[in-house]
Amino acid sequence: MLFAILSGFFAACMLLPAGKFIKERLRYLLSLLPLSLFMYFASYIPQVMNGNVVLESTEWIPSLGVNASFRLDGLSLLFTLLITGIGFLVFLYSASYLKGHNYLDRFYAYLCLFMSAMLGMVLSDNILLLFVFWELTSISSFFLIGFNNDSKESRKSALTALSVTGLGGFFLMAGIIIISHITGTYSMQELLGSPEIKDHALYPLVLVLIFIGAFTKSAQFPFHFWLPGAMKAPTPVSAYLHSATMVKAGIFLLARFSPILGGTTEWSYTLMGIGGFTMLYAAVHSLFRTDLKAVLAYSTISALGIMVFLIGIGTKEAFIALATFIVVHALYKAALFLITGIIDHEAGTRDITKLAGLKKVLLPVYIAGVLAALSSAGLPLTFGFIGKDLIYEATLNTASFIAIYLTILAVATNFCLVAAGFMAGIKPFTGKLPQEFSAIRLPHAAMWLPPLFLGIVGFVFGCFPAVIGDAVISPAVNSIAGNSVELQLKIWHGFNLVLILSIATLALGSIIYYVNRPSAGKFSFIANYHKVSPQYAYDWLAKKFYSLSEWYTGIMHNGFLRSYILKIIIFAQLLFIYELLQGGPIYLDYSRLSPISVYEGATVLFLIAGLYVTLTTSSRLTAVIGTSVTGYALCLLFLYFSAPDLAITQFTIDTLTVVLFVLVLFNLPPFIKFPGVNKPIIIRDTLVSLSFGLIMAIVAIKVLQVPTDIESSDFYGTYAYTLAKGKNVVNVILVDFRGFDTMFEIVVLAIAALGVYSLLKLRLKSSEKE
């Protein structure tokens, strides 16, 4: 499984050097990658059907208890088949949809990365590894959503999606860490047998953190607004991310943790409340949209709300409905997205107020749209009909007084979704064909075959539900429920209340479709309430954060070296003051001080004189000489205190610095005071300098109070010659014991030297041109 997961990463790396060749000749062959992965995972169906769980583990970071452990059970098998199966069709579709695109190779690389990240997430048995792949899905989807990076809207949508899902990832990480703290393990296999989480005092906090992570990823209210914006991505991306993969990551997370965290009042009522509100809110919004992608986006949010709603109900019937609806939604929503891409590709618009009569020029696409729309509506003999029946069965069988309210909520949501599905799959093809679309021709078969295939599969599963029910749905339900659940998907369950509700939903949805006429006016009516929407709040916070960033950057990163040095010194002072305050009283033991000799006192006077000259002179050359005097005075102090090697090093550096400064000064104008430097700034810098010197003096006194530990000195003195064959201990430390440190210091100096040399060459060239 590890190779299967990493195959997408390998493919992405291979696309970089072979991109041009791929774009011109082998773009269709790339679809063989998800197809082969689909066949690989499908080979595990017999094992998983028998209740087996396939586990694989490779050592990664054993010291932290984190290994590359993977788990293939019913739930992960369901998602891997959707990821690779829908992925194969999207790869095939993209080869024609983006034919001739300059960055087609880059697009496929992002798509491969995303597919691998999703596979890694759903297969992870280690919850920390799950988080790593979770974040990789956010990062790779950022590149996919912002693929058209020359568009400001695409860039903004990608940043919005990344910021919202990234914020959710932060909370998810915190939740995972707390779970591991409570249970002492990162293994999902071990967590499934850990009931102590629900009884722990931190259980409510864990729920909040996990919920935020799942809700942001699966676009639940109030985090839903990023998903419609993500429609700026190319249509194949929308079809892949919003039907079977990214937006269902949160659903997978909740389903995976349901046996571990579910079954409590907090879990159930939160998910039913958030999911129920989201599904109705988004379903109503989809009726007012005029852009096909926007209609599909809000209907996707509503469908995700239904899934969260079902997880919250938490009964056997709800889990059966959840697993079935995941497949139903993936089939019809991927088909509708791909059909929308064909319409946009050929007609140049997605505005449903302008589209009509396209069945005359796009007949196979029309057939696919009808099949997908009917499955979405829940027409008998479609898989959507079975999915809708199971949803109503789950709400009606809820063992509480709210069963009737849950059922009404589900019915109200579904008849809105029926109308939305007809708007996306049927409306563009009916009516009279406008003259401007009469020249449209059927695109390459690679574009219309995938949605047609998905539409047909929806009817096949509807007519023979036991095929997928026994092989995929039943093992998934067992994984979600945490125990064996009896399941038998059938076309006909008898004439009962569930059937009546399904027929009523189809009828009411059809009536709404015929009565509702989306228009710019209706959309403007909805837009009037934008100021009370979560997106408005997000945009307001983003602007404030941007203003704060500008203010902070203007103060902390203004581009002036003197400003950076000042801030570094002030920050260092604060750290020293804090440490001194924590370290207890400071006193000076005069008995440990040696008397000051005449030559030491004279050297200090020379040092002070050099400083005074440097600070008061109006000549650059004199200032350099004054600085060199202070440097040479320090060299003498090193000699007085038995550090000749440091004295020689300091002497060499000071001499070289003086020479370089003098050479530079020849090309500079005479020294003048900067007009911007005023008295308050001089006073400020003086106070900072004096306070820093005072703090360092106190630190030096504090050091005298610390007992001397010569263990390190003894080690270097003992082993300098025996290990490194050197008699100069300082040289041995720099070259051998701290060899890597010294090597990297030399590398840094070399890079700096190259930078200076480059700037000098650039200066010389510009001078020559002048």
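What follows is a chat about the core, the empty spaces, the cysteines and the backbone of one predicted model.

Student: What kind of model is this, and how are residues numbered?
Tutor: This is a predicted model, where local features need pLDDT of at least 70, side-chain atom pairs count only at pLDDT 80 or more, and totals for chains, interfaces and linings use all residues. Residues are numbered from 1 along each chain as its sequence is written, and side-chain values use heavy atoms, with hydrogens and water left out.

Student: How many residues are in the largest nonpolar core?
Tutor: The largest nonpolar core has 206 residues. Such a core is a set of buried Ala, Val, Leu, Ile, Met, Phe, Trp, Tyr and Cys residues joined through side-chain atoms within 4.5 Å. Buried means under 20% relative accessible area, exposed means over 50%, and partly exposed is in between (1.4 Å probe, protein chains only).

Student: Which helix gives the largest share of this core?
Tutor: Helix H17, residues 316-347, with 22 residues. Helices (H or I, at least four residues) and strands (E, at least two) are DSSP runs, numbered from the N terminus.

Student: Which residues have the most contacts inside the core?
Tutor: Leu261 and Leu358.

Student: What does Leu358 touch?
Tutor: Leaving out residues up to four places away in sequence, Leu358 touches Ile343, Pro428, Phe429, Leu433, Phe437 and Ile440. Contact means heavy atoms within 4.5 Å.

Student: And Val418, where is that?
Tutor: Val418 lies in helix H20 and counts as buried at 0% relative accessibility. Beyond residues up to four places away in sequence, Val418 touches Ala377, Thr505, Leu506, Gly509 and Ser510.

Student: How many Å separate the C-alpha atoms of Val418 and His101?
Tutor: 36 Å, with their positions 317 residues apart along the chain.

Student: Changing topic. How many cavities turn up?
Tutor: A search of the whole structure finds three cavities of 30 Å³ or more. On a 1 Å grid over the protein atoms alone, a cavity is a set of points where a 1.4 Å probe fits but cannot get out, while a pocket is an open set with protein on both sides within 12 Å along at least five of seven lines; lining residues have an atom within 4 Å of a point. Grid points are joined across faces, edges and corners, and a volume is the space filled by probe spheres set on the points.

Student: What lines the largest cavity?
Tutor: The largest cavity has a volume of about 60 Å³, and Phe325, Val328, Tyr332, Ser375, Ser376, Gly384, Lys388, Asn414 and Leu417 line it. H17 gives the most to this lining, with three residues. By class, the lining has four nonpolar, four polar and one charged residues. Here Ala, Val, Leu, Ile, Met, Phe, Trp, Tyr, Cys and Pro count as nonpolar, Asp, Glu, Lys and Arg as charged, and the others, Gly among them, as polar.

Student: What about the second largest cavity, what volume and lining?
Tutor: The volume is about 50 Å³. Leu296, Ser299, Tyr332, Lys333, Leu336, Ser376, Leu417, Ala420 and Gly421 line the second largest cavity. Helix H16 (292-313), H17 and H20 each give two or more residues to this lining.

Student: Now the second largest pocket. Which residues lie nearest its centre?
Tutor: Pro228, Arg289, Tyr298, Phe523 and Gln535, out of 33 lining residues. The second largest pocket has a volume of about 910 Å³. Its lining divides into 16 nonpolar, nine polar and eight charged residues.

Student: How many disulfides are there?
Tutor: Zero, counting a disulfide as a pair of cysteine sulfur atoms within 2.5 Å.

Student: Why is Cys13 without a bond?
Tutor: Because the closest cysteine sulfur, in Cys112, is 10 Å from the sulfur of Cys13, which is too far for a bond. Cys13 counts as exposed at 53% relative accessibility, and Cys463 is partly exposed at 27%.

Student: Last topic, the backbone. Where is the cis peptide bond?
Tutor: A cis peptide bond joins Phe221 and Pro222, with omega about 10°. Pro222 is in the loop between helix H11 (203-217) and H12.

Student: Which residues other than glycine have a positive phi?
Tutor: Among them are Ala219, with phi near 55°, and Leu381, at about 75°. Ala219 lies in the loop between H11 and H12, and Leu381 in the loop between H18 and H19.

Student: Are those two buried or exposed?
Tutor: Ala219 counts as buried at 0% relative accessibility, whereas Leu381 is partly exposed at 41%.
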